[in-house]
Amino acid sequence: MVLKKYLAESCRYTPSDLKDRGEGTLICDLNAGALPDFPAHDVAVFSGVLEYVNDVPRVISHLANFVAVVIASYAVVDYNPTKLDRRASGWVNDYSSAEFEKIFCQCGFGLDRIEKWRSQNIYRFVRNDS
């Protein structure tokens, strides 16, 4: 819930995690069979999350029904190529930057911005109909 302190007070913030992190937390397992109907928001932020998701395309496709913008960090194989090291970190998938971008594009998002930060990229995707 670190992000909340950087948002304007006028922003509506809904934290989400595997377990309750405080008031208003949406408890959600992105690897579970059924994904929840997320509250409608303008932006979804995934920081250090998608490396742990078994089926990233399914999650992004589902999320496209609820948000217009996704900001996501991801440790692409371009900078983190060793599968053994990735698994030691608990990561369950291995996308290059191009593959990661393609997932979002196939789900109706366009890449709006990308920045390298340490050994990962931070992406801003905007839904094409926004």
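Helices and strands here are DSSP runs, with at least four residues for a helix and at least two for a strand, and they are numbered from the N terminus. With that in mind, welcome to this predicted model.

**Stop one: the whole protein**

Start with everything shown as a cartoon. You should be able to pick out three helices and six strands. Follow the chain from the N terminus and the elements come in the order β-β-β-α-β-α-α-β-β. The radius of gyration is 15 Å, close to the 14 Å that the globule rule gives for 130 residues, so the protein is as compact as a globular protein of that length.

Now switch to the C-alpha trace and turn it around: along its principal axes it spans about 40 × 35 × 30 Å. Next, try a surface view. The accessible surface comes to about 7,900 Å², and 51% of that belongs to carbon and sulfur atoms. Beneath the surface, 34% of the 130 residues count as buried. If you display contacts between residues at least 6 apart in sequence, 52% of them join residues at least 24 apart.

**Stop two: Thr25**

Select Thr25 and zoom in. You will be in the loop between β1 (16-17) and β2 (26-27). Is Thr25 buried or exposed? Its relative accessibility is 14%, and buried means under 20%, so Thr25 counts as buried.

Show its side chain and look for Gly22: the backbone oxygen of Gly22 lies 2.7 Å from a polar atom of the Thr25 side chain. Then add the residues that Thr25 contacts beyond its neighbours within four places in sequence, which are Met1, Pro15, Ser16, Asp17, Lys19 and Asp20.

Before you leave, draw a line from Thr25 to Ala98, C-alpha to C-alpha. The two are 73 residues apart in sequence and 32 Å apart in space.

**Stop three: Glu51**

Now select Glu51, in the loop between β3 (43-46) and α1 (56-63). Which residues does Glu51 touch, not counting those up to four places away in sequence? Show Ser73, Tyr74, Ala75, Trp91, Val92 and Asn93 to see them.

One of these, Ala75, deserves a closer look: its backbone nitrogen lies 2.6 Å from a polar atom of the Glu51 side chain. Finally, bring up Arg86, the nearest side chain of opposite charge to Glu51, at 6.0 Å. A salt bridge needs a side-chain nitrogen of Lys or Arg within 4 Å of a carboxyl oxygen of Asp or Glu. Glu51 is buried yet has no salt bridge.

How values were computed
Residues numbered from 1 in each chain as written. Predicted model: local features only at pLDDT ≥ 70, side-chain atom pairs only at ≥ 80, totals over all residues. Heavy atoms only, no water. Buried < 20%, exposed > 50% of the residue type's maximum accessible area, 1.4 Å probe, protein only. Lys, Arg positive; Asp, Glu negative; His and termini not counted. Polar contact = N/O pair within 3.5 Å; in protein donor to acceptor, adjacent residues only side chain to side chain. Contact = heavy atoms within 4.5 Å. Rg over C-alpha atoms; globule rule 2.2 N^0.38 Å. Areas by Shrake-Rupley, 256 points an atom, 1.4 Å probe, with all protein chains shown as cover.
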